[in-house]
Amino acid sequence: MTSDPHRVVVDAPALVAITVEPETLFLAKGQSEPLVVRRHLANGAVDEVTAAARFASSDADLASVNADGEVTGHQPGEVDVTVTVA
């Protein structure tokens with residue numbers, strides 16, 4: 001005799017936070033430094049997700065950021081880099 005099917009649901013752990021390191025970059029004109037993006041999950045796991053992140057500079061004339069998260073300084077000033085992880 002066989003039982004009726006039972007539903008099994010496997011949930012992914014909830015996302016707790018996204019962190020970007022370093023928190024602050026100080027760059028000279030023409031200097032580049034990479035950002036590292038990590039996701040923190042409710043089960044305690046921490047994964048690097050830099051390759052899956054999207055980056056945007058608030059003023060690419062001052063500092064640009066490429067698709068790999070490398071920030072390059074162009075002119076004196078301050079910019080914000082926004083990081084999005086789907």
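How many residues lie between β6 and β7 in the hairpin that these strands form? In this predicted model, the hairpin has four residues between its two strands. Within the turn, Gly-69 has a positive phi of about 90°.

The pairing of the strands was examined next. Strand β6, which covers residues 63–65, pairs with β7 in the antiparallel sense, and three bridges join the two. Here Ala-63 stands opposite Gly-73 of β7. Strand β7, formed by residues 70–73, also pairs with β2. That pairing is likewise antiparallel and extends over three bridges. In it, Ser-32 stands opposite Thr-72 in β7.

Thr-72 and Ser-32 are also linked through their side chains, which make a polar contact at 2.6 Å. Thr-72 has a relative accessibility of 16%; because buried means under 20% relative accessible area, Thr-72 counts as buried. When residues up to four places away in sequence are not counted, Thr-72 touches Leu-27, Gly-30, Gln-31, Ser-32, Leu-62, Ala-63 and Ser-64.

The nonpolar interior was then considered. The largest nonpolar core has eight residues, namely Leu-35, Val-37, Val-49, Ala-53, Phe-55, Ala-63, Val-65 and Val-71. At least two residues of this core come from β5, and at least two from β6. One of the core residues, Val-65, touches Phe-55, Ala-56, Ser-57, Glu-70, Val-71 and Val-81, with residues up to four places away in sequence not counted.

A second threonine, Thr-50, is found in the loop between β4 (46–48) and β5 (53–57). Its relative accessible area is 8%, and since the limit for a buried residue is under 20%, Thr-50 is buried although it belongs to a loop. The side chain of Thr-50 makes a polar contact with the side chain of Glu-48 at 3.1 Å. Apart from neighbours within four places in sequence, the residues in contact with Thr-50 are Leu-35, Val-36, Val-37, Phe-55 and Asp-68. Among these contacts of Thr-50, Leu-35, Val-37 and Phe-55 belong to the largest nonpolar core.

Charged side chains were also surveyed, and the count of salt bridges came to two. In one of them, the side chains of Glu-21 and Arg-38 meet with an N to O distance of 2.8 Å. This pair links distant parts of the chain, as Glu-21 lies in strand β1 (residues 15–21) and Arg-38 in strand β3 (residues 36–41), 17 residues apart. Glu-21 has a relative accessibility of 41% and counts as partly exposed. Arg-38, at 26%, also counts as partly exposed.

The other salt bridge is formed by Arg-39 and Asp-47, whose closest N and O atoms are 3.1 Å apart. Arg-39 counts as partly exposed at 33% relative accessibility, and Asp-47 counts as partly exposed at 26%.

Finally, the backbone geometry beside Glu-21 was examined. The peptide bond that leads from Glu-21 to Pro-22 is cis, with omega near -5°. Pro-22 is placed in the loop between β1 and β2 (32–34). Glu-21 thus appears in two of the features described: a salt bridge with Arg-38 and a cis peptide bond to Pro-22.

Note on methods: Residues numbered from 1 in each chain as written. Predicted model: local features only at pLDDT ≥ 70, side-chain atom pairs only at ≥ 80, totals over all residues. Heavy atoms only, no water. Buried < 20%, exposed > 50% of the residue type's maximum accessible area, 1.4 Å probe, protein only. Polar contact = N/O pair within 3.5 Å; in protein donor to acceptor, adjacent residues only side chain to side chain. Contact = heavy atoms within 4.5 Å. Salt bridge = Lys/Arg side-chain N within 4 Å of Asp/Glu carboxyl O. Pairing = 2+ DSSP bridges. Core = buried A, V, L, I, M, F, W, Y, C linked by side-chain atoms within 4.5 Å.
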